[in-house]
Amino acid sequence: MNRALANRALVPSAPRFVVKIGSSSLTKVDGTLNWPALESLSETLSDAYDRGQQFALISSGAVAAGVGHLGIATRPTDMSGLQAAAMVGQPHLMSAYGERFAQRGIGIGQVLLTADDVIRRTHYRNARLALEKLFTMGIVPIVNENDAVATTELRLGDNDRLAAIIAHLINADVLILLTDVDGLYSGPPTEPGSRPIRFVGNMSELENYSITGRGSMFGTGGMATKVTAARMATAFGIPTLVTSAENLRPALDGESVGTWFAATGQKSNARALWIAHAAKSHGQVRLDAGAVAALESGGKSLLAVGITDVVGTFDPGDPIDIIGPGGDLVARGLAGWDSERLRESAGQSGAGRPAVHVDDMVLLRH
Ligand SMILES: Nc1ncnc2c1ncn2[C@@H]1O[C@H](COP(=O)(O)OP(=O)(O)O)[C@@H](O)[C@H]1O
Ligand SMILES: N[C@@H](CCC(=O)OP(=O)(O)O)C(=O)O
């Protein structure tokens with residue numbers, strides 16, 4: 001592994017980074033927005049901007065801002081309540097950022113994305129072009145999920161995975177996830193005996209830790225979604241730092257804070273990350289052990305002869321999960337055939353076109 005990628009010293013000199021601040025850091029105990037936290041974040045990021053670093057800010061906090069403005073007693077838990085609060089809060093959140101950055105002569109642009117925007121390939125490509133345009137204009141993109149139009153079935157919910165997707169989309173050098181704890185612990189930080197983990201060189205090191213999806217009072221997804229985001233980013237060559245919002249300035253000064261997840265894979269095109277993590281799966285093919293071994297040896301397409309079962313209905317080009325005999329997710333890819341034809345040809349040799357072409361497939365177990 002390239003040592004430079006395993007090094008926190010990368011942060012101050014990263015030409016481009018993604019920073020995500022979670023609801024837990026932007027919400028006060030009464031459920032309303034923590035304005036001083038927002039001010040301090042804007043100040044630190046303005047300094048990075050003045051030093052010539054480019055970044056996209058993924059900011060939660062729309063619901064919290066809405067709770068404050070509506071004067072309701074607690075953060076809603078139902079979908080329509082959350083949507084209403086976000087619709088009220090998002091403009092206030094953006095105007096607060098707008099004001100803070102404007103004081104430093106920096107312009108901002110609002111980017112609201114739904115899960116569908118990252119699932120659909122054309123939307124995904126458009127989002128990349130639009131973000132790139134903002135960077136050329138010197139504008140800071142501030143991204144959130146478009147809570148107003150998200151549906152229960154199609155919702156990212158947490159912003160951690162959105163941050164990993166954006167990091168890849170804009171070819172960031174590092175992903176920084178800010179939360180209310182100073183990094184990853186071996187167990188929930190409130191439990192006695194949990195100790196801080198400073199460095200993760202490989203995701204398999206996390207097997208013995210207790211990383212729960214139970215978050216803070218206002219956060220979504222807990223540490224589990226941060227680890228998922230780190231897995232998504234590092235597998236595609238982007239190292240990830242998880243730390244507290246207070247630690248952003250020290251991190252940008254090159255201090256050794258938080259948990260550093262080293263890049264495990266190579267930088268690759270955004271299409272690969274889209275296939276691996278963003279695209280919604282339309283079905284599954286199950287393989288025999290020989291087919292799994294062939295795929296994992298590298299450079300081989302999936303042929304119908306190694307398929308034992310086809311689940312779901314899909315068309316050529318649709319994203320599908322490629323499952324091993326033990327039920328584990330081996331790869332994801334774009335189907336070469338529709339599900340019906342593939343079902344008829346499963347297990348047979350000489351079927352012509354690959355079931356999934358190697359160029360349309362991303363292996364997930366490395
Ligand atoms: N192993 C762990 N290490 C650190 N934090 C953990 C762990 N397991 C669960 N957590 C919880 O994850 C929470 C952060 O997640 P979340 O509330 O979703 O934050 P955010 O809103 O910043 O995304 C922490 O407050 C912590 O209680
Ligand atoms: N989109 C929502 C935030 C969702 C959420 O809480 O995510 P996270 O900050 O990852 O725990 C909002 O702006 O309030």
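Start by selecting Thr-179, which touches Gly-22, Ser-24, Ser-25, Lys-226, Val-242 and Ser-244, leaving out residues up to four places away in sequence. You are looking at a predicted model, so please read each stop on this tour as a description of that model. Thr-179 sits in strand β5, residues 174-179. Is Thr-179 buried or exposed? It is buried, because 25 other C-beta atoms lie within 10 Å, and 20 or more is enough to count as buried.

**Stop two: ligand 1**

Now show ligand 1 and the residues around it. There are 23 of them, and Thr-179 is among those that come nearest, together with Gly-22, Gly-215, Gly-219 and Met-223. Two elements, α2 (23-26) and α9 (222-235), give two or more residues each to this shell. The largest share, 3 residues, comes from α2. Colour the shell by class and you will find 8 nonpolar, 14 polar and 1 charged residue.

Keep α9 in view and select Ala-224, which lies in that helix. Ala-224 is partly exposed, because 15 other C-beta atoms lie within 10 Å. Beyond its close neighbours in sequence, up to four places away, Ala-224 touches Ile-211, Thr-212 and Gly-213. Both Thr-179 and Ala-224 appear in a "binding site" listing in an unreviewed UniProt entry, which also includes Lys-20, Asp-180 and Lys-226.

**Stop three: ligand 2**

Move on to ligand 2. Which residues are closest to it? Of the 17 that surround ligand 2, the closest are Gly-22, Ser-23, Ser-60, Ala-62 and Val-63. Here α4 (62-70) and β4 (140-145) are the elements that give two or more residues to the shell. By class, the shell around ligand 2 has 3 nonpolar, 10 polar and 4 charged residues.

Select α4 next. Helix α4 is largely enclosed by the rest of the structure, because 7 of its 9 residues are buried. Among the buried ones are Ala-62, Val-63 and Gly-66. The buried residues of α4 pack against α2, α5 (79-102) and β4. Just after the helix comes Gly-71, with a positive phi near 70°.

**Stop four: three annotated residues**

Select Ser-60, Asp-147 and Asn-159, which carry a "binding site" annotation in the unreviewed UniProt entry. They are spread over 100 residues of sequence, yet they cluster in space, with a largest C-alpha distance of 11.0 Å.

Asp-147 is found in the loop between β4 and α8 (160-169). Asp-147 counts as buried because it has 24 C-beta neighbours inside 10 Å. Its contacts, setting aside neighbours within four places in sequence, are Ala-62, Leu-82, Gln-83 and Ala-86.

Asn-159 is also placed in the loop between β4 and α8. With 26 C-beta neighbours inside 10 Å, Asn-159 is buried too. Leaving aside neighbours within four places in sequence, Asn-159 is in contact with Lys-20, Gly-22, Ile-58, Ser-60, Asn-144 and Glu-145.

**Last stop: the core and the domains**

Zoom out and colour the chain by its domain assignment: domain 1 (3-273) and domain 2 (281-363). Their C-alpha centres lie 34 Å apart. The largest nonpolar core has 106 residues, and Val-18, Ala-163, Ile-166 and Leu-175 are among those with the most contacts inside it. This core draws at least three residues from each of the two domains. To finish, select Ile-166: not counting residues up to four places away in sequence, Ile-166 touches Val-18, Ala-56, Ile-58 and Val-143.

Conventions
Residues numbered from 1 in each chain as written. Chains lettered and ligands numbered in written order. Predicted model: local features only at pLDDT ≥ 70, side-chain atom pairs only at ≥ 80, totals over all residues. Near = placed C-beta within 6 Å. Helix = DSSP H or I, 4+ residues; strand = E, 2+ residues; numbered from the N terminus. Nonpolar A, V, L, I, M, F, W, Y, C, P; charged D, E, K, R; others polar. Core = buried A, V, L, I, M, F, W, Y, C linked by C-beta atoms within 7 Å. Buried ≥ 20, exposed ≤ 12 C-beta atoms within 10 Å, placed from the backbone. Domains from an automatic or database assignment. Contact = placed C-beta atoms within 7 Å. UniProt positions renumbered as here; feature names shortened; annotations may be inferred.
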